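Open the model in your viewer and switch to a cartoon view. We will go stop by stop, with something to select at each one.

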Amino acid sequence: MKTLVAYYSRTNITKKLAQDIAGKTNADIEEIIPKVNYQGKLGFARGGKDAISEKIIDLEDTKRDVEDYDVVYVGGPLWAGKTSTPVISYLKQNEGKFKSVKFFMTAGSTDFENAFAQMEKFSIKPLKTMGLTTKEVKKDDYSLDSFIE
Ligand SMILES: Cc1cc2nc3c(=O)[nH]c(=O)nc-3n(C[C@H](O)[C@H](O)[C@H](O)COP(=O)(O)O)c2cc1C
């Protein structure tokens, strides 16, 4: 089975999780890179605003074609209670191309439900979802067993 892990990460929390998932599933990995700058204070403010308005932005060219994969894990951070703009843009860009998906997300809190529903709206129903707090990822306080099975 061919597996891809595609992720966006602004401060490397979701990146750590993405690398762990990719290592354990023997997957290829794709970093989603926005053409919009979300770094720094200004970037933070822009991120919140873009997430709330479900803005679709341009991304750097991707290296992998999701159509080549049986399952694509898609992940990123929660922004203003929503899915982060780069992740929504990646799903939109690949609309109709996914065979199956699993979603993962990190956040300070655990309010993932609406954001996962939003991801589904922009793609297809996921096989599984997994939301972890920033703290859990930092401390390695989680298990991937049921998510990756
Ligand atoms: C623009 C912005 C908005 C955020 N909004 C929320 C939020 O609504 N709820 C929450 O729990 N965390 C929120 N966060 C925190 C991130 O979701 C959290 O730090 C995440 O683990 C960062 O992952 P990353 O390092 O992969 O980008 C926000 C962060 C940013 C940059």
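The tour goes from the whole fold to single elements, then to the ligand and a few individual residues.

**The whole chain**

Keep in mind that this is a predicted model. Colour by secondary structure first: the protein has 6 helices and 6 strands. Following the sequence from its start, you should be able to trace the pattern β-α-β-α-β-β-α-β-α-β-α-α.

Next, show the C-alpha trace on its own and turn it along its principal axes, where it spans about 40 × 35 × 25 Å. How does the radius of gyration agree with that of a compact globule? For 149 residues such a globule would come out near 15 Å, and the protein has 14 Å, so the two agree.

Two more global values are handy before zooming in. Buried residues account for 36% of the 149 residues. If you draw the contacts between residues at least 6 apart in sequence, 76% of them join residues at least 24 apart.

**Strand β1 and its two partners**

Select residues 3-7, which form strand β1. This strand is mostly covered, with 4 of its 5 residues buried. Now add β3 to the selection: β1 and β3 pair in the parallel sense, over 5 bridges. To find your place in this pairing, show A6, which stands opposite V74 in β3.

Then add strand β2, residues 28-31, which also pairs with β1 in the parallel sense, here over 4 bridges. Label Y7 and you will find E31 of β2 opposite. Follow the chain from β1 through α1 to β2 and you trace a right-handed β-α-β crossover.

**Strands β5 and β6**

Which strand is joined to β5 by 6 bridges? Select residues 128-133, strand β6, which runs parallel to β5. A good pair to label is F104 and its bridge partner in β6, M130. The connection from β5 goes through α4 to β6, and this β-α-β crossover is right-handed.

**Helix α3**

Move on to residues 85-93, helix α3. Because 7 of its 9 residues are buried, the helix is largely enclosed by the rest of the structure. Show side chains for T85, P86, V87, I88, S89, Y90 and L91, the buried residues here. What do they pack against? Their surroundings are β1, α2, β3, β4 (82-83) and α4 (113-121).

**The ligand**

Centre the view on the ligand and display the shell around it, which holds 20 residues. The closest are S9, T11, T14, G47 and P77, so label these five.

Colouring this shell by element shows where it comes from: α1 (13-25), α2 (40-52), β3 (71-79) and β5 (101-107) each supply at least two of its residues. Colouring by chemistry instead gives 7 nonpolar, 11 polar and 2 charged residues.

**The loop between α2 and β3**

Two residues in this loop deserve a click. Start with I56, which lies between α2 and β3. I56 has 15 other C-beta atoms within 10 Å, so it is partly exposed. Apart from neighbours within four places in sequence, its contacts are I88, S89 and K92. Try the distance tool on the C-alpha atoms of I56 and V87: they are 31 residues apart along the chain and separated by 9.3 Å.

In the same stretch, E54 lies in the loop between α2 and β3. Its phi is positive, at about 50°, although E54 is not a glycine. Most residues other than glycine have a negative phi. With 15 other C-beta atoms within 10 Å, E54 is partly exposed.

**N26, another positive phi**

Jump to the loop between α1 and β2 and pick N26. Its phi is near 60°, a positive value in a residue other than glycine. Is N26 buried or exposed? N26 is exposed, because it has 9 other C-beta atoms within 10 Å.

**The end of the chain**

For the last stop, select E149, in the segment after α6 (145-148). With 7 C-beta neighbours inside 10 Å, E149 counts as exposed. Now add T25 to the selection: E149 and T25 are 124 residues apart in sequence, and 9.0 Å apart in space from C-alpha to C-alpha.

Technical notes:
Residues are numbered from 1 along each chain as its sequence is written. This is a predicted model: local features need pLDDT of at least 70, side-chain atom pairs count only at pLDDT 80 or more; totals for chains, interfaces and linings use all residues. A residue is near a molecule or strand if its C-beta atom, placed from the backbone, lies within 6 Å of it. Ala, Val, Leu, Ile, Met, Phe, Trp, Tyr, Cys and Pro count as nonpolar, Asp, Glu, Lys and Arg as charged, and the others, Gly among them, as polar. The radius of gyration is taken over C-alpha atoms; the globule rule is 2.2 Å times the number of residues to the power 0.38. A residue is buried if 20 or more other C-beta atoms lie within 10 Å of its own, exposed if 12 or fewer, and partly exposed in between; C-beta atoms are placed from the backbone. Two residues are in contact if their C-beta atoms, placed from the backbone, lie within 7 Å. Two strands pair if DSSP finds at least two bridges between them. A crossover is right-handed if, with the strands pointing away from the viewer, the path from the first strand over the helix to the second runs clockwise.
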